[in-house]
Amino acid sequence: MILPESTLVEIVSDHDRVTISGPGQQDEGIELLSKVKGLYDAPVKTVYTSAAAQIGATYKGKTIDARLLTFAVALSRTRDASIGEVEARWRAMWEYGPDEWDPDGRLTRMEVTTETSGLRWIELALESSVDLELEYDPATEPTIQMPMSTIGPKPMWVSEPEMTWFETSASSGAGEIVASNPTDQVMDQTWKLTRGIWTIPDPSWTGPRRERAPGGKYPDRSITLRPVTAEHGTVEVTRDGERPMFLDAGRTNVTGQVGGGYFLMHSIPPHTPETRLPISVTGAPAGGARAELHQPRLWSRMQGGE
């Protein structure tokens, strides 16, 4: 696959950044070759079942695997670095998994910027060892072609999240907060709440794509939480299944202290337009209160899908 010249592809590690395609691709001696596989749709498998006398099958869902992304780069000497130094720099940007000694470390990112969709990125690790087949010492070669086999444990491309908010300077207040999901993936949102007793929206959704709206079984559902106190500082309420649903400012699980009622926390479906939802607070301290709705943006492809 050959990318348009206007598409910028960068590899970003904790300590380095290299442009491998697009403007500036030859400045650092590392250039993306055209054979790229796994860059577009996420690896989805559908699940269908058939009853004994059924003609055809019934859709039951889908599974999404880790993304395998393979490509190759051409490494060349530059005015400031030998080919050996270029190769060592490139290899130092890649690991087989997270750094177990660095709690703040992250996997290497491939960042792609296109004219149609802007910046999206995906975190990648080496799926297998880098195997170079060379007849001569690489230090004497004008160019080295290096195949890369990488894995994206989280297979969706990511763009900058959206954050909307509601705030009041009084001890109580009510209003609206905007939720949306223009992506082609289900969105697991996160609330961040300051001190007070919050009633936050929790509707179910229905309708055709780009016309989704609160509806179905719980169209008007809201949940009143137990008080967020000075001891909590703030509370984060998340739909992300990788973290506890309720965390305080010290990252302590406070689900039993703050979670109120039968909290469903519906995900927001793909292709949901901007929708105003009711929100309110009472018992806020002097200075008022603020609620933030953090809305991640995940995509199956590096561009398009809106």
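Is T49 buried, partly exposed or exposed, and what is its relative accessible area?

1. T49 is partly exposed, with a relative accessible area of 36%, and this value, like every other in this note, is computed from a predicted model. The residue is found in strand β4, which covers residues 44-49. If residues up to four places away in sequence are not counted, T49 touches Q54, A57, T58 and K60. A useful distance to trace on the structure is the one from T49 to T70, since these two residues are 21 apart in sequence and lie 32 Å apart in space, C-alpha to C-alpha.

2. A second threonine gives a contrast in accessibility: T114 counts as buried, because its relative accessibility is 6% and the limit for buried is under 20%. T114 has its place in strand β7, made up of residues 108-114. Leaving aside neighbours within four places in sequence, T114 is in contact with T7 and Q303, and a student may like to find both of these partners in the sequence before turning to the structure.

3. For the chain as a whole, the model has 2 helices and 20 strands, and its C-alpha trace spans about 75 × 60 × 35 Å along the principal axes. Of the 306 residues, 40% count as buried. Among the contacts with a separation of 6 or more, 72% are accounted for by residues that stand 24 or more positions apart.

4. Turning to the surface and the charges, the accessible surface of the protein chain comes to about 16500 Å², and carbon and sulfur atoms hold 50% of that area. The chain carries 30 positive and 43 negative charges, and the mean positions of these two sets are 9 Å apart.

5. A search of the whole structure finds 4 aromatic pairs. One of them joins F166 and W198 in an edge-to-face arrangement, with 6.3 Å from centre to centre and 85° between the planes. Because F166 lies in strand β10 (residues 157-168) and W198 in strand β13 (residues 197-201), the pair ties together parts that are 32 residues apart in sequence. Both F166 and W198 are buried. Elsewhere, F71, W90 and W94 form one aromatic cluster.

6. Two arginines deserve a look for where they sit relative to aromatic rings. The charged end of R109 sits over the ring of W121, at 4.2 Å from the centre of that ring, while R221 lies over the face of Y218, at 5.3 Å from the ring centre.

7. Which backbone angles should a careful reader check? Most residues other than glycine have a negative phi, and against that background two residues can be picked out. R210 is not a glycine, yet has a positive phi of about 70°, and H271, also not a glycine, has a positive phi of about 60°.

8. Both of these residues are in loops, but their accessibility should be read separately. R210 is found in the loop between β14 (205-206) and β15 (213-214), and R210 counts as partly exposed, with a relative accessibility of 49%. H271 lies in the loop between α2 (255-258) and β19 (272-282), and H271 counts as buried, because its relative accessibility is 8%.

Notes
Residues numbered from 1 in each chain as written. Predicted model: local features only at pLDDT ≥ 70, side-chain atom pairs only at ≥ 80, totals over all residues. Heavy atoms only, no water. Phe/Tyr/Trp six-rings, centres within 6.5 Å; stacked < 30°, edge-to-face > 60°. Helix = DSSP H or I, 4+ residues; strand = E, 2+ residues; numbered from the N terminus. Buried < 20%, exposed > 50% of the residue type's maximum accessible area, 1.4 Å probe, protein only. Lys NZ or Arg CZ within 6 Å of the ring centre and 35° of its normal. Contact = heavy atoms within 4.5 Å. Areas by Shrake-Rupley, 256 points an atom, 1.4 Å probe, with all protein chains shown as cover. Lys, Arg positive; Asp, Glu negative; His and termini not counted. Charge placed at Lys NZ, Arg CZ, Asp CG, Glu CD.
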